[in-house]
Amino acid sequence: MFQDARAFSGFSVDDVDEAERFYGGPLGLRVTKERGMLLLHLGGGGTVLLYPKEGHRPADFTVLNFPVDDVEKSVDELTALGVVFERYPGFEQDARGIARGGGGMPSIAWFKDPAGNVLSVLDG
């Protein structure tokens, strides 16, 4: 039924302008605004819709993953731009906040957007 649909994902933020500065700034994504909402234009043609929501509550799970060639380099570059990496109980993470992959799992590091939604960079 939907195999040819150009589907997209979305999640809420508390401040679209702040989200635009973050996603278009340190993360370097192409962003556009339409009808008070923000569109993130991802590599490969994907799109994610960020919409304002009164009483926004951040997602407590990863809403967007960015596969990268070098997790360490990406973490260092984002840290230099002011991004703070999260630490989670139950995960062994190094001083930079990277959980090292192994056994088929990728290396990954989590961070939050200004609205508190969880994002990650991981081996791509």
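Which strand and which helix each supply at least two residues of the lining of the largest pocket? In this predicted model, the two elements are strand S5, covering residues 62-68, and helix H2, covering residues 71-80. Of these contributions, the one from H2 is the greatest, since H2 gives three residues to the lining, the most of any element. The pocket itself has a volume of about 180 Å³, and its lining is made up of Leu27, Leu29, Phe66, Val68, Ser74, Glu77, Leu78, Phe111 and Val121. When these lining residues are sorted by class, seven are nonpolar, one is polar and one is charged.

The second largest pocket holds about 160 Å³ of space, and it is bordered by Arg6, Ala7, Phe8, Leu39, Gly45, Gly46, Thr47 and Leu49. The class make-up of this second lining is four nonpolar, three polar and one charged residues. One of the residues lining the second largest pocket is Ala7, which belongs to the segment before S1 and counts as exposed, because its relative accessibility is 71% and exposure is assigned over 50%. Between the C-alpha atoms of Ala7 and Gly44, which are 37 residues apart along the chain, the separation is 13 Å. The segment before S1 also contains Met1, a residue that is likewise classed as exposed, at 83% relative accessibility. From Met1 to Leu27 the distance is 34 Å, C-alpha to C-alpha, with their positions 26 residues apart in sequence.

With regard to annotation, the unreviewed UniProt entry assigns "domain: VOC" to residues 5-124. In the model, this span of residues 5-124 is 16% helix and 32% strand, and its end C-alpha atoms lie 25 Å apart.

The interior can be described through its nonpolar cores. The largest nonpolar core comprises 27 residues, of which Tyr23, Leu27, Leu40, Leu50, Phe85, Phe111 and Val121 touch the most other members. Two or more residues of this core come from each of strand S1 (9-13), helix H1 (16-24), strand S3 (37-41), strand S4 (47-52), S5, H2, strand S6 (108-112) and strand S7 (118-123). Helix H1 provides the largest share of the core, amounting to four residues. Apart from this core lies another, of five residues, which include Ile108, Trp110, Val118 and Leu122. Three of the names listed among the best-connected members of the largest core, Leu27, Phe111 and Val121, also appear in the lining of the largest pocket.

Two members of the largest core illustrate how its contacts are arranged. When neighbours within four places in sequence are left aside, Leu50 is in contact with Phe11, Val13, Ala19, Tyr23, Met37, Leu38 and Leu40. Phe85, by comparison, is placed in the loop between H2 and S6, and it counts as buried because its relative accessibility is 12%, with burial assigned under 20%. Beyond residues up to four places away in sequence, Phe85 touches Val75, Leu78, Thr79, Arg96, Ala109, Trp110, Phe111 and Val121. One of these partners, Arg96, stands eleven residues from Phe85 along the chain, and the C-alpha atoms of the two are separated by 7.4 Å.

Two further loop residues show opposite degrees of exposure. Asn117 occupies the loop between S6 and S7 and is buried, with a relative accessible area of 2%. Its contacts, leaving aside neighbours within four places in sequence, are with Phe11, Ser12, Val13, His56, Pro58, Ala59, Val63, Phe111 and Lys112. The C-alpha atom of Asn117 is also 8.5 Å from that of Arg57, although 60 residues separate the two along the chain. Arg35, on the other hand, is found in the loop between strand S2 (30-34) and S3, where it is exposed, with a relative accessible area of 77%. The backbone of Arg35 has a phi near 50 degrees, which is a positive value in a residue other than glycine.

Key. Residues numbered from 1 in each chain as written. Predicted model: local features only at pLDDT ≥ 70, side-chain atom pairs only at ≥ 80, totals over all residues. Heavy atoms only, no water. 1 Å grid on protein atoms, 1.4 Å probe; cavity = no way out; pocket = protein on both sides within 12 Å on 5 of 7 lines; lining within 4 Å. Points joined across faces, edges and corners; volume = space filled by probe spheres on them. Nonpolar A, V, L, I, M, F, W, Y, C, P; charged D, E, K, R; others polar. UniProt positions renumbered as here; feature names shortened; annotations may be inferred. Core = buried A, V, L, I, M, F, W, Y, C linked by side-chain atoms within 4.5 Å. Buried < 20%, exposed > 50% of the residue type's maximum accessible area, 1.4 Å probe, protein only. Contact = heavy atoms within 4.5 Å.
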